[in-house]
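Let's take a walk through this structure together, one site at a time. Here it is for you to follow along.

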Amino acid sequence: MPIIKGKVIAAFGKYIKVYHDTTEYNCTIRGKLLKKQLNSSPVAVGDNVEISIGNDGIASIEKVLPRRQLLSRPDILVKGKKQVIAVNLDQLVIITSTKDPQFKPGLIDRFLICAEIEKLQAAVVINKVDLADPKEFLVYAEAWESAGYRVIFTSALNGSGLTEFANLLKDKSSTLAGHSGVGKSSLLNAIQPQLNIRTKQISKTSGKGVHTTTSVIMHPLTFGGWVADTPGLKVFGLSGATRSNLCTFFPEMTEHDDCRFNDCVHLNEPDCAVKAAVESGNISEFRYNNYKKIYEQLLDLKSWQF
Ligand SMILES: Nc1nc2c(ncn2[C@@H]2O[C@H](COP(=O)(O)OP(=O)(O)OP(=O)(O)O)[C@@H](O)[C@H]2O)c(=O)[nH]1
Ligand SMILES: [Mg+2]
Ligand SMILES: [Zn+2]
């Protein structure tokens with residue numbers, strides 16, 4: 001039986017889609033693989049796998065190659081259980097829109113913390129610049145850039161920023177994250193029209209709050225790389241964050257760590273280098289204020305509902 005190496009592009013329970021050389025195979029999972037990993041997803045979007053095609057034409061997954069990274073979220077239905085979003089990722093690309101739905105910079109900061117917890121590179125895309133003056137968003141863009149994140153302004157509608165967006169994804173394995181309706185699927189269609197992903201139609205009768213993309217699907221990019229389109233991700237785990245380590249998930253704060261106390265959390269301590277940097281304008285006030293807000297909330301939180 002010939003063995004084919006491929007990548008999992010969709011997984012609904014036992015129904016798995018594997019991509020190899022422009023062909024999609026509908027695969028089943030061997031029972032032994034299911035038994036091996038009862039507690040976690042034995043096969044997830046982004047997995048590199050080996051499949052065989054039987055004489056009956058049925059493709060089955062023989063082997064899942066080791067994962068180098070895993071992005072999961074708490075299962076909303078089963079307490080304590082995790083749902084794998086995608087694996088083997090290089091970066092989280094956070095998509096937001098200038099309007100419709102409303103721009104929420106605080107939410108982006110929370111997504112950025114999630115990326116830091118997962119040790120994923122992150123970038124921010126501000127889409128729908130055709131609907132507003134990009135100048136309004138510069139203060140946020142500068143804050144994220146000075147924290148080390150790439151920020152791109154795009155419009156899937158008029159094409160601006162699409163070359164930068166494609167370059168951001170090129171040769172990497174990325175997951176898009178962001179609220180429903182910000183234009184995640186539209187941006188992918190705009191850089192690679194043959195994907196032809198379903199997007200929300202502009203119509204008065206279309207149901208509000210209904211996700212157009214309903215499950216995580218990985219798409220191969222013709223210019224190199226993979227990108228997972230997601231339904232607006234609503235919950236992210238925060239298991240790695242505590243009040244004492246929260247500041248380590250703000251890269252610009254770890255750069256200013258010559259505070260008087262080693263365990264300074266940069267709130268009320270004397271001789272705090274972070275507070276000094278906020279006062280001198282080296283750390284953005286908006287990021288610091290968000291840090292304080294999140295610090296306050298952190299005691300009661302296990303996950304974020306976006
Ligand atoms: N004006 C404008 N509209 C856009 C732009 N990008 C997307 N849209 C519109 O925004 C709506 C939502 O776009 P989608 O691509 O379906 O959004 P999504 O983020 O994939 O949403 P979910 O799949 O529900 O998570 C559609 O009506 C798009 O036509 C843009 O740059 N400018
Ligand atoms: Mg979508
Ligand atoms: Zn400090």
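## A buried histidine and its zinc ion

In this predicted model, His266 has a relative accessible area of 5%, so it is buried, since the cut-off is under 20%. Cys259 also counts as buried, because its relative accessibility is 10%.

Both residues serve the zinc ion (ligand 3): His266 offers its ND1 atom and Cys259 its SG, alongside the SG atoms of Cys264 and Cys272. These protein donors lie 2.1 to 2.4 Å from the zinc ion. The angles among the four donor atoms run from 104 to 114°, and the site is tetrahedral. If you like to find such sites in the sequence, look for the spacing C-x4-C-x1-H-x5-C, which the donors follow along the chain.

## A lysine without a salt bridge

Now turn to the loop between strand S9 (121-127) and helix H3 (138-146), where you will find Lys128. Lys128 is buried but has no salt bridge. Which side chain of opposite charge is nearest to Lys128? That is Asp100, 6.2 Å away.

Beyond its neighbours within four places in sequence, Lys128 is in contact with a run of residues from Ser97 through Thr98, Lys99 and Asp100 to Pro101, and also with Thr154, Ser155, Gly181 and Val182.

## A mostly covered helix

Helix H5 (residues 184-191) is mostly covered, with six of its eight residues buried. Those six are Lys184, Ser185, Leu187, Leu188, Asn189 and Ile191.

What do the buried residues of H5 pack against? Their partners are helix H4 (162-169) and the strands S8 (91-97), S9, S11 (173-177), S12 (217-220) and S13 (226-229).

Conventions. Residues numbered from 1 in each chain as written. Chains lettered and ligands numbered in written order. Predicted model: local features only at pLDDT ≥ 70, side-chain atom pairs only at ≥ 80, totals over all residues. Heavy atoms only, no water. Donors = N, O, S within 2.8 Å, 3.2 Å for Na, K, Ca; no water. Tetrahedral: all angles 85-135°; square planar, octahedral: opposite > 155°, others 65-115°. Buried < 20%, exposed > 50% of the residue type's maximum accessible area, 1.4 Å probe, protein only. Helix = DSSP H or I, 4+ residues; strand = E, 2+ residues; numbered from the N terminus. Lys, Arg positive; Asp, Glu negative; His and termini not counted. Salt bridge = Lys/Arg side-chain N within 4 Å of Asp/Glu carboxyl O. Contact = heavy atoms within 4.5 Å.
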